[in-house]
Amino acid sequence: MNPSQPARMDPQSQLDATRAPGGGERPGLPWREVLASFVAYSAVFAVLAWPWLRAADHAAPNSNLRHPADEREVAWILAWVSHALGTAPRHLMDANVYYPAPGQLTGIELFLSTQLVFAPVFWATHNAVLGANAAVLLSYPLAAVAMERLLIALGCGRPVAWTAGLVFALGPLRVPGNLMILKYVNLYLPLIALALTRLRQRPANGPALGLGMVMALAFLSSYYAAVMAAVAAAIWFPLEWLRPAPGRRRFAFLAVAAIAAALALLVVVSLPYLRRPEASATFVSPLAALAQLYTGLYYLASMDPLSLGLAGLGAALIGSAAPAARRAARWGLVITVVSALLMVGPTATIGGWTIPLPFAVIANSPARFFRAPSRFVVVLGFGTALLAAAALEAAWRRLGRRAGGLAVAAVAAAIVATHGSRLAGSRLEVFREQSQPIYAAVKAVAEKEGPGPVLELPFVPILAVVANPGFYPSGAPGAEAMLGSTRHWQPLIIGETAYPPPHWPLVAATLGRLPANEAFQDLVDMTHVRWLLLRPREEWFESWRAARDRILALQGVKRILVLDGWELLRVDRIPQHPGWFAAIAAGYRPQQTVLGTPLAPLPPEAARAVVMARGAVPAQALAGSALPLSFHVVNIGAAPWPVAVPPQAARTHTVGLEARWWLADQPHAADTVQLSQEFELLRDVWVGEDVIRDVFIIAPTQPGSYDLEIRVHQVAGADFDGPENKPLRARVVVAAPSPGSVTP
């Protein structure tokens, strides 16, 4: 070698030169490097997300990887938690949806650790969309820095680590960007691995505290992120424990203690969730598992092909001579394989044999709420990023500093130019409710005339949304109302969550009966609704616009405000059933209906009813046809009738209706009934109440003369057969349909 030329150092030697003699990094250097990397990453992502950044106060990228209603729910959750923590922390779980049911935040997420970013922005601006966007956008450089620091700790060169950090930050489900990212923030995965690696290098209290803090932040990020974090820790811990180094026992003790402490915190926070009936529900059907498998393949197809190619190359480097490349390849392959198996679901069927897979452990644990195994693609992205780093590290070491650096830089540029350029999406989803003047106006009116529950109409069931694609771009007007409520914080009668409260099906059915006067009175009784907020006429289906006019004409309703086609109405009705509101507000109890009526056999003095037709009962019907009937049902007994129970609950002791057919002039005995049909009443019936029921009764299939009886009965209880009972009875001649006719 020419002594006049400086000695050439390979990349690993250059890396080692930056380390202290004991193997740790030089004091003060890491934080300067972390800050420099964060600034560099932030600049890259700011350029890539510039269209998104400019509209961050009212929009986010439109992506096929999420539903716009879910994004609104995420922003609303963050806003509610921030609002509650700042005003009434004791009522954190009592979110302002499905009023007056308590504890409605237990049906969704908390995103507690995300408040570190969201809350300051929201408190300063009162803009939920801006706060949520800030949290999402910041997650990109943070994820990249976390991955970079992990790879440096594993021995990779800094150019390799920086590029692999870019690969990881732009991983699965993250391009285009969307607010749903906050349900499975990926930055905690490399942070957990880094904390375990540091603890293995120095089994002491300081690194153990760091591990505990990272695990706690991950666990409190979201429940999906908590499961992913637990999986990442469960994979990385044994890999570190098996690595030859002193202090193995102390490492294991401190790691387990730190993770257990974080888990204990999660359990304490989750106690209200664990009390919900869904916590003990069964998990996933075979059809749902198949759908998840398809979704998983769709998620995989959304990944960057270049990154996947590098990952495939990295998998071939398990036996590489470069220690850092070999370590990243081996560990990345383990994580990739395990997460891919988790994505398949709880079982796989091969040759007629059902084989349990790793996800079965989750499906039969308290984490069974994890209903989308395909989302383990986020963990898979962690594994493929490690594999990509292994490939880049091997190339960098082989090619040398200059050529290797150029190759790594070319890969980074290619990832930015192809995959990264799609970060802001092809168009933005505008959250119009964040800026619409009506929600600020509702706040002003409520401050002047008094607060109270708000019912935003129309209520649009999901089937109506699906049947009319494009009419409601958000996919759920209820989610729009939730996000809009962050600007006035009045309680909402409706909601849009995965686990609605037990009383919600009853309220939803009652909303479907509007604008009937008795249905509106039932809503007042159940919810004490104070304000009706009617959307502009063009936002109602054409067939529903007459109902909007009739709502405006309801008694006890006064128009207070008209703004941009919206109309705010004040409700001045007095509740007729005060016990209903109290029962819903107290929370569901299995021994009662959702309206508070005891579920028990009725005594004879309470089992008294009168059923009267509204108009004449048809004297003739076609065989097998549906006979429309409307009738009054009157409770003339001494106690209310229990009716309204949640859909999943047993109907034991509930009161309903039964239609029975006998051949004319034959004994009316139970064993001679030709046809019977049961109908539910709409809600609990109070003493002396007269309720109306409209039904379709199926006629017998055999022609002839029949006696029809419609009576009240109780499931596993009273027969309503006392002398005071007066069922509806009529004689109906059932005729055979004429040839070629269609039976209705």
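Leucine 137 sits in helix α6, and this residue makes a good starting point for a walk through the structure. Keep in mind as you read that the model is predicted.

**Starting from helix α6**

Is leucine 137 buried or exposed? Its relative accessible area is 16%, and buried means under 20%, so leucine 137 counts as buried. Setting aside its neighbours within four places in sequence, leucine 137 touches Ala49, Trp52 and Leu53. You can also try a distance on your screen: leucine 137 and leucine 179 are 42 residues apart in sequence, and from C-alpha to C-alpha they are 9.3 Å apart in space.

**The nonpolar cores**

Now step back to the interior. The largest nonpolar core has 171 residues, and those with the most contacts inside it are Phe45, Leu105, Trp236, Phe376 and Phe382. Which helix gives the most to this core? Helix α6, residues 128-153, does, with 15 residues. Another core lies apart from this one; it has 34 residues, including Val633, Trp661, Val685 and Val734.

Tryptophan 236 is worth a visit. Without counting neighbours within four places in sequence, tryptophan 236 is in contact with Leu150, Leu154, Ala193, Leu196, Thr197, Trp331, Ile335, Phe382 and Leu386.

**Spaces inside**

How many cavities of 30 Å³ or more does a search of the whole structure find? There are four. The second largest cavity holds about 50 Å³ of space. Among the residues that line this cavity are Glu109, Phe111, Ser221, Tyr223 and Val269. Sorted by type, the residues of its lining are eight nonpolar, two polar and one charged.

Phenylalanine 111, part of that lining, lies in the loop between α4 and α5. Because its relative accessible area is 1%, phenylalanine 111 counts as buried. Phenylalanine 111 also has a positive phi of about 55 degrees, although this residue is not a glycine.

**Backbone details to look for**

Histidine 528 is likewise not a glycine, and it has a positive phi of about 55 degrees. You will find histidine 528 in the loop between α21 and β6 (531-534). Is histidine 528 buried, exposed or partly exposed? Its relative accessibility is 30%, and partly exposed covers what falls between under 20% and over 50%, so histidine 528 counts as partly exposed.

Next come two cis peptide bonds, listed here with the place of each proline.

| Cis peptide bond | Omega | Place of the proline |
|---|---|---|
| Tyrosine 99 to proline 100 | near 10 degrees | Loop between α4 (68-87) and α5 (115-125) |
| Leucine 514 to proline 515 | about 10 degrees | Loop between α20 (504-512) and α21 (517-527) |

The loop between α4 and α5 may sound familiar: proline 100 lies there, and so does phenylalanine 111.

**A hairpin to finish**

Finally, look for strand β7 (residues 557-563) and strand β8 (residues 566-571). These two strands pair in the antiparallel sense over six bridges. Which residue in β8 is the bridge partner of leucine 561? The partner is leucine 568. The hairpin of β7 and β8 has two residues between the strands, and in this hairpin aspartate 564 takes a positive phi near 55 degrees.

Terms used
Residues are numbered from 1 along each chain as its sequence is written. This is a predicted model: local features need pLDDT of at least 70, side-chain atom pairs count only at pLDDT 80 or more; totals for chains, interfaces and linings use all residues. Side-chain values use heavy atoms; hydrogens and water are left out. On a 1 Å grid over the protein atoms alone, a cavity is a set of points where a 1.4 Å probe fits but cannot get out, and a pocket is an open set with protein on both sides within 12 Å along at least five of seven lines; lining residues have an atom within 4 Å of a point. Grid points are joined across faces, edges and corners, and a volume is the space filled by probe spheres set on the points. Ala, Val, Leu, Ile, Met, Phe, Trp, Tyr, Cys and Pro count as nonpolar, Asp, Glu, Lys and Arg as charged, and the others, Gly among them, as polar. A nonpolar core is a set of buried Ala, Val, Leu, Ile, Met, Phe, Trp, Tyr and Cys residues joined through side-chain atoms within 4.5 Å. Buried means under 20% relative accessible area, exposed over 50%, partly exposed in between (1.4 Å probe, protein chains only). Helices (H or I, at least four residues) and strands (E, at least two) are DSSP runs, numbered from the N terminus. Contact means heavy atoms within 4.5 Å. Two strands pair if DSSP finds at least two bridges between them.
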